[in-house]
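Here are some exercises to help you find your way around a new model. Try each task on the structure first, then follow the worked solution.

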Amino acid sequence: MFDVLRRKQSLASLGGDETGRALLLGYIRSNGQDPESIFGAHKYAPSELTEAERISCRSVQVHNDEAVDFPDWLWPDLLRSHGGRTQAIAQAMRNRAPVHLRVNLAKLSREKAIISLADQGIIGEAHALSPSAVQVLEGARKIRNSTSYLNGEVELQDASSQAVADLVPLQQGERLLDFCAGAGGKVLAVAGRVAGKFFAHDVDPRRMTDLPVRASRAGAYITQVSFEEAKQGPQFDTVLVDAPCSGSGSWRRDPQGKWLLTKDKLDRVVALQKEILERAAGLVRPQGHLVYATCSLLECENELQVKEFLNRNTAFSVTVERQFTPLAGGDGFYCSVLRRQ
């Protein structure tokens with residue numbers, strides 16, 4: 001099903017419609033199979049092809065947005081964001097995402113983790129995006145029951161997400177607040193490489209339900225705080241904002257998301273990001289850092305969001321800015337590290 005959703009437009013073009021039956025027909029044709037060998041082949045198979053379906057593969061030229069299976073209304077935004085790389089990025093988004101593990105470097109090295117995983121039937125190799133990243137080549141279904149996972153030596157996390165966590169500036173003993181923590185993937189990644197004091201906040205505390213268990217498994221201590229508690233205490237050395245976003249960088253994993261996103265929904269998300277940045281900025285100490293990240297490929301959520309924030313908050317300046325795309329092997333992510341005067 002996910003394969004079909006990733007390529008919904010091009011499969012509809014091959015199948016002649018967007019119905020489930022037509023998408024199945026398009027999927028079969030895209031794989032070079034003969035639909036006649038499946039439709040009507042036996043009593044449990046889909047009914048025999050109609051004459052119209054036999055000739056339904058459209059002869060019209062497929063436009064770029066259909067060929068790469070990206071929403072029509074967003075295609076110009078992607079072009080503005082990535083220029084000459086756009087076609088290749090969107091093409092990569094049509095394929096299944098790889099499985100990545102983050103090695104908990106506080107417990108063992110990546111090399112030792114790879115050896116240990118292999119002994120458990122999980123074959124992986126080092127990934128270039130992060131010193132902690134391992135790409136799983138075989139045995140992905142064994143991960144959650146493996147000793148390495150249960151002992152907190154490895155955690156499932158996309159390599160680009162790990163690369164973003166690597167950009168978070170924190171010295172030993174300093175205080176980090178993960179402002180949109182969710183399940184805590186980013187703060188746990190930072191805790192795996194530096195000994196600091198870690199805090200987590202989410203506007204919906206229920207999203208952090210799994211964080212204590214994950215932290216315990218990793219051997220990390222994360223203090224959950226409300227916004228009021230965060231404001232009343234000392235300001236933080238670093239505040240990480242892994243902001244709510246369109247999720248466009250991770251649409252390989254959630255392909256339905258790209259067809260459900262609308263212009264109104266995107267506008268609301270961009271407005272929410274602006275509000276969150278303003279709230280988080282007040283928690284950063286002088287000479288401290290505000291880290292803004294999204295799993296988005298869109299300029300309106302990334303570079304333009306940061307540019308507008310800097311126009312409103314002249315005490316901050318950019319020290320690092322990175323855009324990760326699936327062309328590097330991970331999900332699409334953006335990260336900007338801002339320093340307060």
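**Exercise 1: the second largest pocket**

The second largest pocket is lined by F2, R6, R96, A97, P98, V99, R252 and R253. This is a predicted model, where local features need pLDDT of at least 70 and side-chain atom pairs count only at pLDDT 80 or more, while totals for chains, interfaces and linings use all residues. Residues are numbered from 1 along each chain as its sequence is written, and side-chain values use heavy atoms, with hydrogens and water left out.

Task: find the volume of this second largest pocket and sort its lining by class.

Step 1. Get the term straight: on a 1 Å grid over the protein atoms alone, a pocket is an open set of points with protein on both sides within 12 Å along at least five of seven lines, a cavity is a set where a 1.4 Å probe fits but cannot get out, and lining residues have an atom within 4 Å of a point.

Step 2. The volume, meaning the space filled by probe spheres set on the points, with points joined across faces, edges and corners, is about 180 Å³ for the second largest pocket.

Step 3. Sort the lining: 4 residues are nonpolar, none is polar and 4 are charged. Here Ala, Val, Leu, Ile, Met, Phe, Trp, Tyr, Cys and Pro count as nonpolar, Asp, Glu, Lys and Arg as charged, and the others, Gly among them, as polar.

**Exercise 2: the largest pocket**

Task: work out which residues are closest to the centre of the largest pocket, and which element gives the most to its lining.

Step 1. Start with the volume, about 760 Å³ for the largest pocket.

Step 2. Look to the centre: of the 33 lining residues, C180, A181, G182, A183 and D242 are the closest to it.

Step 3. Now go by element; helices (H or I, at least four residues) and strands (E, at least two) are DSSP runs, numbered from the N terminus. Those giving two or more residues to this lining are β1 (99-103), β4 (154-156), α11 (185-191) and α15 (263-281). The top contributor is α15, with 4 residues.

Step 4. Finish with the classes: 14 nonpolar, 7 polar and 12 charged residues make up the lining of the largest pocket.

**Exercise 3: the cavity**

Task: say which residues line the largest cavity and which element has the largest share of that lining.

Step 1. Count first: the structure holds 1 cavity of 30 Å³ or more. The volume of the largest cavity is about 50 Å³.

Step 2. List its lining: R102, N104, G152, V154, E155, L188, R214, R217 and A218. Two or more of these residues come from each of β4 and α12 (211-218), and α12 has the largest share with 3.

**Exercise 4: two helices that meet**

Task: decide whether helix α2 (residues 8-15) and helix α3 (residues 20-30) are roughly parallel or roughly perpendicular.

Step 1. Take the axes, which are lines fitted to C-alpha atoms, for helices over the stretch in contact, with angles from 0 to 180 degrees between N-to-C directions. Those of α2 and α3 come within 7 Å and cross at roughly 90°.

Step 2. Angles under 35 degrees count as roughly parallel, over 145 as roughly antiparallel, 65 to 115 as roughly perpendicular and the rest as oblique. That makes α2 roughly perpendicular to α3.
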